[in-house]
Amino acid sequence: MSHRFGNEGQILCCFLERHLSYDRTLESARSTVFCHRIRKIHPVSFMQVFLFAPCLHSHATMAEIWRTYQDCTGINVTYSSFTERLRLGHK
């Protein structure tokens, strides 16, 4: 691991590598029926944007997260498709 971060940064990096790794996030998305196949909304990108995207408000709006996802991934996805991923019991 790089030593360019302070102690707090290294702790955060270790936590993210352990609990939000690409493989673990993808496995969780499939096991919770977030996705059956990967299409426009990639579960790993979705999770990263949802958790870490900068926003203009203290609490990001759904529309803000949706726009940030499109900006970060370069993928156009309808707002309704994006928000559908957050519905409880999505199938």
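**Exercise 1. Is threonine 73 buried, partly exposed or exposed, and what is its relative accessible area?**

Step 1. Start with the source: this is a predicted model, in which local features need pLDDT of at least 70, side-chain atom pairs count only at pLDDT 80 or more, and totals for chains, interfaces and linings use all residues. Residues are numbered from 1 along each chain as its sequence is written, and side-chain values use heavy atoms, with hydrogens and water left out.

Step 2. Fix the classes: buried means under 20% relative accessible area, exposed means over 50%, and partly exposed lies in between (1.4 Å probe, protein chains only).

Step 3. Threonine 73 has a relative accessible area of 27%, so the residue is partly exposed. Threonine 73 sits in helix H4. Its C-alpha lies 9.5 Å from that of lysine 40, at a sequence distance of 33 residues.

**Exercise 2. Describe the secondary structure of the protein chain and the confidence in it.**

Step 1. Helices (H or I, at least four residues) and strands (E, at least two) are DSSP runs, numbered from the N terminus. The protein chain has five helices and zero strands, in the order α-α-α-α-α.

Step 2. Confidence is given as pLDDT, the predictor's value for each residue from 0 to 100. The chain mean is 78, and 82% of residues reach 70 or more. Helix H1 (residues 7-19) has the lowest confidence, with a mean of 74, and helix H4 (residues 62-73) the highest, at 89. Where pLDDT is low, the predicted coordinates should not be read in detail.

Step 3. For the chain as a whole, 23% of the 91 residues are buried. Contact means heavy atoms within 4.5 Å. Of the contacts with a separation of 6 or more, 32% join residues 24 or more positions apart.

**Exercise 3. Work out which face of helix H2 is covered, and by what.**

Step 1. List the buried residues of H2 (residues 22-31): Thr25, Leu26 and Ala29. Viewed down the helix axis, these buried residues fall within an arc of 100°, so they line one face of H2. The arc is taken from the directions between the helix axis and the C-beta atoms.

Step 2. Recall the helix geometry: an α-helix has 3.6 residues a turn, so residues three or four places apart point the same way.

Step 3. Look at the other side of H2, where Asp23, Glu27 and Ser31 are exposed. The buried residues of H2 pack against helix H3 (43-52).

Step 4. Check one residue of the covered face. Threonine 25 has 8% relative accessibility and therefore counts as buried. Beyond four places in sequence, threonine 25 touches Leu20, Pro43, Val44 and Met47.

Step 5. After H2 comes valine 33, with a positive phi near 55°.

**Exercise 4. Describe the surroundings of helix H3, residue by residue.**

Step 1. The buried residues in H3 are Pro43, Val44, Phe46 and Val49. Their cover includes H2, H4 and helix H5 (79-84).

Step 2. Take valine 44, which counts as buried at 6% relative accessibility. Leaving aside neighbours within four places in sequence, valine 44 is in contact with Tyr22, Thr25 and Leu26. Its C-alpha is separated by 9.3 Å from that of arginine 24, 20 residues apart along the chain.

Step 3. Take serine 45, also in H3. At 22% relative accessibility, serine 45 counts as partly exposed. Serine 45 touches Tyr69 and Thr73, not counting residues up to four places away in sequence.

Step 4. Take phenylalanine 52 in H3. Phenylalanine 52 is partly exposed, at a relative accessible area of 49%.

**Exercise 5. Find the nonpolar patch that includes Phe52, and give the accessible area of the chain.**

Step 1. Patches are made of residues with over 30% relative accessible area and no salt bridge; like charges are joined within 9 Å, and nonpolar side chains (Val, Leu, Ile, Met, Phe, Trp, Tyr) within 5 Å. A salt bridge is a side-chain nitrogen of Lys or Arg within 4 Å of a carboxyl oxygen of Asp or Glu.

Step 2. Met47, Phe50, Leu51, Phe52 and Leu86 make a nonpolar surface patch of about 440 Å².

Step 3. The protein chain exposes about 6,900 Å², and carbon and sulfur atoms supply 56% of this area. Accessible areas come from the Shrake-Rupley method with a 1.4 Å probe; for residues, only the protein chains shown count as cover.
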